[in-house]
Amino acid sequence: MQPTPDFDPGRLAKSLLRRSRQGALATLMASGGDPYCSLVNLASHPDGSPILLISRLAVHTRNILADARVSLMLDERAAGDPLEGARIMLSGRAEQADAEQDLLQRRYLSVHPSAETFVSFKDFSFFRVRPTGTHLVAGFGRIVDLKPEQFLTDLTGAEDLLAAEQGAVEHMNADHRDAMGLYAIKLLGAAEGDWRCTGCDPEGLDMQDGQNALRLEFPERVTNGTALRKMLVRLVGEARAKVD
């Protein structure tokens, strides 16, 4: 069945990737290839691909080191019947961090600050799942297979923004928590809370209050710090207009 015209599967898949903090990780047993599933915490790379912090003592990590093929089941944790909510099954390959170690660590700890203790443990390492595709289920008539280019964020030309991201996140959390609250409550319809920024990319801003996560999408793509600042000021203005 074809999706209805008002349904944007790529947009929903992107949102789920950005907002998910836990997921079911499926790997192949190193001894025999039987399927193995475990619960993991996760964060997202600036392009939306999942980041894992896992121990070599865990079965799933030993499986990945033997065969990097994995899948992740992520759902929006909707109230009521969980099968009524949207979910994705993402397939890909889990790669251990090398050159991106600092980036993956920063973004992971931004959403899971309590995991900082494990970073210094020698058996723990960061992995990034490189997606090969995803299967999205979002209700009757809304079941779609997507290619990576349909649900990952294109980072081409956004080097300046990525370089400025850490400073921007720290600045928003230190000096503009009121703006974060306005974004969450007035633009996204969330409840009041201690909303803070956890990351940004060319297409939007990620926010979190405890384990509750939100995605603020930008109306236009931004690729540098100056454009990001202008966009955030613009969105604050829109939020304050709703207050008035």
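Which strand holds Thr134? In this predicted model, the answer is strand β7, and that residue makes a good starting point for a walk through the structure.

Thr134 is buried, with a relative accessible area of 6%. Setting aside residues within four places in sequence, its contacts are Ile88, Met89, Leu90, Val144, Asp145, Leu146 and Phe151. With Met89 there is a polar link too: a polar atom of the Thr134 side chain lies 3.1 Å from the backbone oxygen of Met89. Phe151 sits 17 residues from Thr134 along the chain, and the C-alpha atoms of the two are separated by 8.5 Å.

Follow the chain onward from β7 and you come to a loop. Phe140 has its place there, between β7 (124–137) and β8 (143–146). Is Phe140 buried or exposed? With a relative accessibility of 75%, Phe140 counts as exposed, because the cut-off for that class is over 50%. Thr134, at 6%, is buried because it falls under 20%. For a sense of distance, look from Phe140 across to Ile51: they are 89 residues apart along the chain, and 30 Å lies between their C-alpha atoms.

Now turn to helix α1 (residues 9–19), where Arg18 is found. Arg18 is charged by class, and at 2% relative accessibility it counts as buried. Leaving out residues within four places in sequence, it touches Ser44, His45, Pro46, Asp47, Gly48, Arg107, Thr153, Asp201, Asp206 and Arg215.

One of those partners, Asp47, deserves a visit of its own. Asp47 lies in the loop between β3 (43–44) and β4 (50–55), and it counts as buried at 10% relative accessibility. Beyond residues up to four places away in sequence, Asp47 touches Arg18, Arg128, Leu152, Thr153 and Leu155. Its side chain also joins that of Ser49 through a polar contact of 2.7 Å. Thr153 appears in the contacts of Arg18 and in those of Asp47.

Next, find the pair of helices α6 (residues 159–175) and α7 (residues 177–187). They pack at an angle of about 95°, and their axes are 5 Å apart. This angle makes α6 roughly perpendicular to α7. On the α6 side the contact is made by Met172, Asn173 and Asp175, and on the α7 side by Arg177, Asp178, Ala179, Met180 and Tyr183. Sorted by class, the residues of this contact are four nonpolar, one polar and three charged. Within α7, the buried residues include Ala179, Met180 and Tyr183, along with Gly181, Leu182 and Ala184. Just after α7 comes Gly189, with a positive phi of about 70°.

What does Arg196 contact, apart from its neighbours within four places in sequence? The partners are Ser110, Val111, Pro113, Asn173, Arg177, Met180, Asp206, Met207 and Gln208. Asn173, Arg177 and Met180 also take part in the contact of α6 with α7, so Arg196 leads us back to that helix pair. Arg196 itself is found in strand β9 (residues 196–201) and is partly exposed, with a relative accessible area of 21%. Its side chain reaches the backbone oxygen of Ser110 at 2.9 Å. Gly210 is 14 residues from Arg196 in sequence, and 9.3 Å separates them in space, C-alpha to C-alpha.

Why does Cys197 form no disulfide? The closest cysteine sulfur, in Cys200, is 5.9 Å from the sulfur of Cys197, which is too far for a bond. The cut-off for a disulfide is 2.5 Å, and the structure holds zero disulfides. Cys197 is buried, with a relative accessible area of 1%, whereas Cys37 is exposed at 53%.

From Cys200 we can step to our last stop, Asn224. The two are 24 residues apart along the chain, with C-alpha atoms separated by 11 Å. Asn224 has its place in the loop between β11 (212–217) and α8 (225–243), and at 25% relative accessibility it counts as partly exposed. The Asn224 side chain reaches the backbone nitrogen of Ala227 at 2.7 Å. Away from its neighbours within four places in sequence, Asn224 is in contact with Asp160 and Leu161.

Notes: Residues are numbered from 1 along each chain as its sequence is written. This is a predicted model: local features need pLDDT of at least 70, side-chain atom pairs count only at pLDDT 80 or more; totals for chains, interfaces and linings use all residues. Side-chain values use heavy atoms; hydrogens and water are left out. Buried means under 20% relative accessible area, exposed over 50%, partly exposed in between (1.4 Å probe, protein chains only). Helices (H or I, at least four residues) and strands (E, at least two) are DSSP runs, numbered from the N terminus. A polar contact is a pair of N or O atoms within 3.5 Å; within protein, one must be able to donate a hydrogen and the other to accept it, and residues adjacent in sequence count only if both atoms are side-chain atoms. Contact means heavy atoms within 4.5 Å. Axes are lines fitted to C-alpha atoms, for helices over the stretch in contact, and angles run from 0 to 180 degrees between N-to-C directions. Angles under 35 degrees count as roughly parallel, over 145 as roughly antiparallel, 65 to 115 as roughly perpendicular and the rest as oblique.
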